[in-house]
Amino acid sequence: MVRKYITPGMTTQLSALRRNLLNWFRQNKRELPWRQKRHWYTTWLSEVILQQTTVEQGLPYYHAFVERFPNVHTLAEAEEQEILHQWQGLGYYARARNLHKAARQIARQHHGRFPNDKKLALALPGIGPYTAAAILSLSYNRPYAVVDGNVTRVISRLQAIAEDIRLRSTQKIIEQHAQTLLSKKYPGAFNEAMMELGALVCTPVAPRCPVCPLSRWCLAYRQQKTDALPFKSAPPPKKRQYHWVVVYENTHRYLIRQRPEKGLLARMWEFPVWETDARQLKNTDSLSVRLSGHRISRVSGLMRHVYSHINLQYRAVLVEGSPEETPGTGTRKWVKKEEFNNYPIHKAHRHIINWLLNDQKGR
DNA sequence: CTCTGAGCTAGGC
DNA sequence: GCCTAGATCAGAG
């Protein structure tokens, strides 16, 4: 029988905890552009941008998006390619594609307003439990607790939850605690306060417990376990991939192609790629066979790119002429150097463009 | 250089 | 209902 410190029955303690947290938040919150006046559109935009992204990294993108797409209609009417292009460099491009799809649905099916209803909100592309709770609580003051990485950490320490936070079962327990703790009167402020506390005080390393407004109730603090919590098991090892990236050059134009509709980096543009292995990537022997009839102008040094589940190592090879067979079936285009900027090109291959245009290393 | 942490949704089984 | 793929970057060691 596990006895949790803060339980739904402890109404006096709960009120004091909420009051302490809200007071702390009022005095310590960061001034961020989307906090100025809470509108569902800027809340939505900021929440989506900040998924898997730090505030510092997301800020310039947020400003650019609000500038170019000041409301849901401008976003809905834009081309997907333009949105992907604005998103370039932020990663997790599905977020941008879903943002666009959802904007169209909001414009057409919801009269241009975000639905004030959990079920309807969850039906929108890119809106899951976290984002739905965030928008509904922050913009409409609806009583849904948000659980992001910050909140997970705060609660696992507060209630001294030792189970692996990677497990679904542990996440469920944390969600229940979050919903119990939530101020039903000020759910928006409370949710933001929990996330802000995790970002500023209840940090992953060296939490600032002496200044924490929740330390009086924190089991991990009392038991001196803040360094050990939350517990997270190791992820599975990353796969390794090796690519030759072939840059065909013909009369000062370069061949790029669009990736398929689905899967990794969907609908982004790139140079043709040949899969290979670590050994073959060390020298150009294997290339010479496949590229017979082409003159190799330049070969790059080794480049690497890390995805969440793949370690990619690749090298670029600049060759003259066009490929005999069409690489893949997707759309292909011959573009001039200046035109690269008109296409959403993922990070790994933008690196190749830099090599192509500036860097003479690995010649 | 490698490792870690930031961390939410969609879709497949 | 559970599990995994998706995807970038900064900072520590």
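Modeller: Contact means heavy atoms within 4.5 Å. By that rule, nine residues of domain 1 touch 15 residues of domain 2. This is a predicted model, in which local features need pLDDT of at least 70 and side-chain atom pairs count only at pLDDT 80 or more, while totals for chains, interfaces and linings use all residues. Residues are numbered from 1 along each chain as its sequence is written, chains are lettered from A and ligands numbered from 1 in the order in which they are written, and side-chain values use heavy atoms, with hydrogens and water left out.

Colleague: Where do domain 1 and domain 2 run in chain A?

Modeller: Domain 1 covers 11-222 and domain 2 covers 239-357. The bounds come from an automatic or database domain assignment. The C-alpha centres of the two domains lie 37 Å apart. Along the principal axes, the C-alpha atoms of chain A fill a box of roughly 80 × 50 × 30 Å.

Colleague: How many helices and strands are there in chain A?

Modeller: Chain A has 14 helices and eight strands. Both are DSSP runs numbered from the N terminus: helices are H or I with at least four residues, strands are E with at least two.

Colleague: What share of the residues of chain A count as buried?

Modeller: The share is 49% of 363 residues. Buried means under 20% relative accessible area, exposed means over 50%, and partly exposed is in between (1.4 Å probe, protein chains only).

Colleague: Why is Leu 122 called partly exposed?

Modeller: Its relative accessible area is 36%. Partly exposed runs between 20% and 50%, so Leu 122 earns that label. Leu 122 sits in helix α7 (residues 118-122).

Colleague: Which residues is Leu 122 in contact with, leaving aside its neighbours within four places in sequence?

Modeller: They are Ile 127, Gly 128, Pro 129 and Ala 132. As for Ala 133, its C-alpha is 9.4 Å from that of Leu 122, eleven residues apart along the chain.

Colleague: How do you know what α8 should span at 1.5 Å a residue?

Modeller: The expected span is 1.5 Å times one less than the number of residues. For the twelve residues of α8 the expected span is 16 Å, and the end C-alpha atoms are 16 Å apart, so the two agree.

Colleague: What makes α8 mostly covered?

Modeller: Ten of its twelve residues are buried. Among them are Tyr 130, Ala 134, Leu 136 and Ser 139. The buried residues pack against α2, α7 and α11 (187-200). Asn 141 follows α8 with a positive phi, near 55°.

Colleague: How does the reach of α6 from its first C-alpha to its last fit what is expected?

Modeller: Helix α6 (residues 94-109) has 16 residues and reaches 22 Å, close to the 22 Å expected. Its buried residues include Arg 95, Leu 99, His 100 and Ile 106. These buried residues pack against α2 (40-50), α3 (55-68), α4 (72-77) and α5 (80-87). Just after α6, His 111 has a positive phi of about 55°.

Colleague: How many residues surround DNA strand B, and which are the closest?

Modeller: There are 19, and the closest are Gly 126, Gly 128, Thr 131, Asp 148 and Pro 204. A residue is near a strand if one of its heavy atoms lies within 4 Å of it. Helices α8 (129-140) and α9 (149-158) each supply at least two residues of this surface.

Colleague: Which atoms of DNA strand B lie within 4 Å of the protein?

Modeller: Sugar or phosphate accounts for 89%, and bases for the rest. A backbone N or O atom of Tyr 130 is 2.9 Å from a phosphate oxygen. A polar contact is a pair of N or O atoms within 3.5 Å, so this pair qualifies. On the base side, a polar side-chain atom of Gln 52 lies 3.3 Å from a base oxygen.

Colleague: How many residues surround DNA strand C, and which are the closest?

Modeller: There are 16, and the closest are Tyr 92, Tyr 307, Ser 308, His 309 and Lys 347. Of the strand C atoms within 4 Å of the protein, 60% belong to sugar or phosphate and the rest to bases. A polar side-chain atom of His 309 is 2.4 Å from a phosphate oxygen of this strand. A polar backbone atom of Gly 89 is 2.7 Å from a phosphate oxygen of strand C.

Note on methods
A polar contact is a pair of N or O atoms within 3.5 Å; within protein, one must be able to donate a hydrogen and the other to accept it, and residues adjacent in sequence count only if both atoms are side-chain atoms.
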